[in-house]
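Here's a quick tour of a two-chain model, written for someone who likes to have the geometry spelled out. Have a look at the structure first, and then we'll go through it piece by piece.

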Amino acid sequence: MTIDVELFESMRLELRRGSLVLAVLACLRTERYGYTLRQALAADGLEMEESTLYPLLRRLESQGLLLSEWREEEKRRKRFYVLSPMGTAMLERLAGEWRGINASLDKIL
Amino acid sequence: MDMVERYLEAVAAQLSAEERDDIVAELRDLILSRVEAKEEALGRPLTDVEREAILKEIGHPLVVAARYRKGPDSLIGPELFPYWLYGVKAGLLILLVVSGIGLFIRLISGTADAGQDIAQAFHGFFGSGLTLIGALTLAGAIMEHYAIRPKWLTDWRVKDLGAFGLSDPSWWGASVKSASDRIGAGAGPARRPMWRTRAMRSPRDFGAEAAFSFLAVGLFVLWWVGLVHFPGLSAIRIDGDLVSVSPAPIWAVLFAPILLYALGQMGIDLFTLIRPQAARMRAVLAILVAVAGLWLTWNIFEAGHWFTLSVGAEQARIAGDGVLLDFDRLRELRNGERDLTGVASTLSLILTWALAISAVSLVYTIVANAWRAVRA
């Protein structure tokens, strides 16, 4: 049985969308700037478009989950992000939720 | 100006003043980091094409800037859209009926200029229709922007849902029963099978089709009798020359039969709207009109000459016969010349096949309706 490639792609994106926030929060336990964060995510198999990642970082920061700081590195000013204390607590709760969903899905699948 | 700066300027123009510098600085760092990484991998500076490819990957400035915008992503979001669509559909149909009734009253009360009245009715309908759509869109956008959700959107009761049939004109004729009766009788969408053949379709489906057909054929009738004009039909442009299109004598000969045929079709549509349950009568009427259509199609085909294209003294006929009904000729369609004679030949072939397909479709209509008349 062949499946509709476009339909699969849209469902795959929908599936990924919710987990990307969790991945970004988890990656920012270590301080990073946007470009290196994207590379770290890609290295772990989670490719993310810049146009999605950067606005997401700003949103998470405005929600108080991230802290940011402009600093000069390699002769250029870069904005570094790291989890705030609230972000750390949120990551812990979300990771627990994720594991629960994963365990339930594993049973069903 | 550097290509990257030009790109950033386009993004900056879409952002609010208070966060513009911050976002642009971060984007600049992202772009330059990507450029440097690529240059390191290639061991040489990037060409303009390669730099542009990176910018294209990041996205169009409008899209990139939109991602940073606070507030809703769409004018009317998925939660409000069904209400907006219902409002537009029901509102337009009510406007159409009100305009139609107003026009009808003016026409039967002995108007001095029927053409002007019809034109005014069309003008009035389109004007108020556009105003209605604009007003609903504005109201929806305000509700979306300020996250307003009136009580009637969230706190609804099943017994109040009857009015929602208004967006489907076939319910106007068929709604002799209450909404609750319809649900009880199982005619509502909840008990519909996943797929249905035409024979299994409900009167509502035929009603929607009939309403659309009535309006479309009505517009054709108005054009046919000269009350409505569509610019661009009497002349086409070929290779920069304005070519006039004149109808062949067959259209004058068949003027009255074609008008009667169209009015007959409108009659069936009206009958379907008023008596959606009368399946057998509808099938019989459809057979009669389809037979008339078949007779007309044959006469038009038999005439063999349908239009004449002329530019200055040069003329070419759009004409055809059975010889053109050959698949090899269809395959050669794309190789047709772009001059006057070539375009006339192409149009001749297309019209011949259109008439043949129309004849087959009419025969199918006759057979299918005969079957429905027997089964109903």
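Let's start with how chain B is wired: of its contacts between residues at least 6 apart in sequence, 73% join residues at least 24 apart. Keep in mind that this is a predicted model. Chain B has 15 helices and four strands, and 16% of its 376 residues count as buried.

**Spans from the record**

An unreviewed UniProt entry lists "transmembrane region" for residues 90–109, 121–143, 206–230, 250–271, 283–301 and 350–371 of chain B. Two of those spans look like this in the model:

| Span of chain B | Helix | Strand | Distance between end C-alpha atoms |
|---|---|---|---|
| residues 121–143 | 100% | 0% | 32 Å |
| residues 250–271 | 95% | 0% | 31 Å |

**A helix pair in chain B**

Two packed helices are described by the angle between their axes and the distance between the axes. For helix α2 (residues 17–42) and helix α3 (residues 48–58) of chain B, the angle is about 135 degrees and the axes are 11 Å apart. α2(B) and α3(B) are therefore oblique to each other, and α2(B) passes α3(B) in a right-handed crossing. On the α2(B) side, the contact is made by B:I31, B:R34, B:V35 and B:K38, while α3(B) brings in B:E50, B:R51, B:I54, B:L55 and B:I58. Sorted by type, the residues of this contact come out as five nonpolar, four charged and no polar.

**Where the chains meet**

How many residues of chain A are in contact with chain B? Eleven, and they touch twelve residues of chain B. On the chain A side, the elements giving two or more residues are α2 (34–43), α3 (50–62) and β3 (76–83). The largest share belongs to α3(A), with five residues. By type, the chain A side divides into six charged, three nonpolar and two polar residues.

**One odd backbone angle**

Most residues other than glycine have a negative phi. B:A147 goes the other way: its phi is positive, near 50 degrees, and it is not a glycine. Where does B:A147 sit? In the loop between α6 (114–145) and α7 (151–154) of chain B. Is B:A147 buried or exposed? B:A147 has 10 other C-beta atoms within 10 Å, so B:A147 is exposed, given that the cut-off for exposed is 12 or fewer.

Definitions and conventions:
Residues numbered from 1 in each chain as written. Chains lettered and ligands numbered in written order. Predicted model: local features only at pLDDT ≥ 70, side-chain atom pairs only at ≥ 80, totals over all residues. Axes fitted to C-alpha atoms, helices over the stretch in contact; angles between N-to-C directions. Parallel < 35°, antiparallel > 145°, perpendicular 65-115°, else oblique. Left-handed = near helix turned anticlockwise from the far one by under 90°. Contact = placed C-beta atoms within 7 Å. Nonpolar A, V, L, I, M, F, W, Y, C, P; charged D, E, K, R; others polar. Buried ≥ 20, exposed ≤ 12 C-beta atoms within 10 Å, placed from the backbone. UniProt positions renumbered as here; feature names shortened; annotations may be inferred.
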